[in-house]
Amino acid sequence: MSELQVVATIPAEPEAADQVREALLTLAAATREEEGCLAYDLFESGSTPGTFITVERWTDPAALDAHMATPHVAAAFGAAEGALSGEVAIHPLQPVG
């Protein structure tokens, strides 16, 4: 079993940053309760306010796949619909070296 680390960026429209922040706080709390979640931290960029970043650790890729299919992920995407200034970018990380 190989642990998986993921970084995701979520860019909100300036006028919708509070709406997206609240949706992501709810998502983070629910995600931390998932069986395969080792860590799920939510940040907002200090240089680009309204850009949110998740730093995640999962037991394996299957745990991330299961996460993406949960109702709380669907609810967060629904709450952010029309409030994002760009695409959500999900980056599974590969070790270098």
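Student: Are Y40 and W58 buried or exposed?
Tutor: This is a predicted model, in which local features need pLDDT of at least 70, side-chain atom pairs count only at pLDDT 80 or more, and totals for chains, interfaces and linings use all residues. Residues are numbered from 1 along each chain as its sequence is written, and side-chain values use heavy atoms, without hydrogens and water. The classes are buried (under 20% relative accessible area), exposed (over 50%) and partly exposed in between, with a 1.4 Å probe and protein chains only. On this scale Y40, like W58, is buried.

Student: How many aromatic pairs does the structure hold, and of what kind is the one formed by Y40 and W58?
Tutor: The structure holds one aromatic pair. Rings of Phe, Tyr and Trp (its six-membered ring) pair if their centres lie within 6.5 Å; planes under 30 degrees apart are stacked, over 60 edge-to-face, and the rest tilted. For Y40 and W58 the centres lie 6.5 Å apart and the planes make 75°, which gives the class edge-to-face.

Student: In which strands do Y40 and W58 lie?
Tutor: Strands (E, at least two residues) and helices (H or I, at least four) are DSSP runs numbered from the N terminus. Y40 and W58 are 18 residues apart, and their pair links distant parts of the chain. Y40 belongs to strand β2, and W58 to strand β3.

Student: Over how many bridges do β2 and β3 pair?
Tutor: Strands count as paired when DSSP finds at least two bridges between them. Strand β2 covers residues 37-44 and β3 covers residues 51-58. F43, for example, has I53 in β3 as its bridge partner. The two strands run in the antiparallel sense, and their bridges number seven.

Student: Which residue in the turn between β2 and β3 has a positive phi?
Tutor: The two strands form a hairpin, with six residues between them. In this turn a phi of about 90° belongs to G50.

Student: What is the order of the strands in the open sheet?
Tutor: The open sheet has four strands with antiparallel pairing. Its edge strands are β2 and β4 (89-92), each of which pairs on one side only. The order is β2-β3-β1-β4.

Student: What is the bridge partner of V7 in β4?
Tutor: Strand β1 takes up residues 4-11, and with β4 it forms an antiparallel pairing of four bridges. Within β4, V7 is matched with H91.

Student: Which residues does H67 touch beyond four places away in sequence?
Tutor: H67 lies in helix α2 and counts as buried because its relative accessibility is 2%. Contact means heavy atoms within 4.5 Å. Both members of the aromatic pair, Y40 and W58, are on the list of contacts. In full, H67 touches L27, T31, E34, Y40, W58, H72 and V73.

Student: Why does T70 count as buried?
Tutor: T70 is found in the loop between α2 and α3 (71-80). The residue is classed as buried because its relative accessible area is 14%.

Student: How far apart are the C-alpha atoms of S2 and L38?
Tutor: S2 is found in the segment before β1. Leaving aside neighbours within four places in sequence, S2 is in contact with T59, D60 and P61. S2 and L38 are 36 residues apart along the chain, and the separation of their C-alpha atoms is 12 Å.
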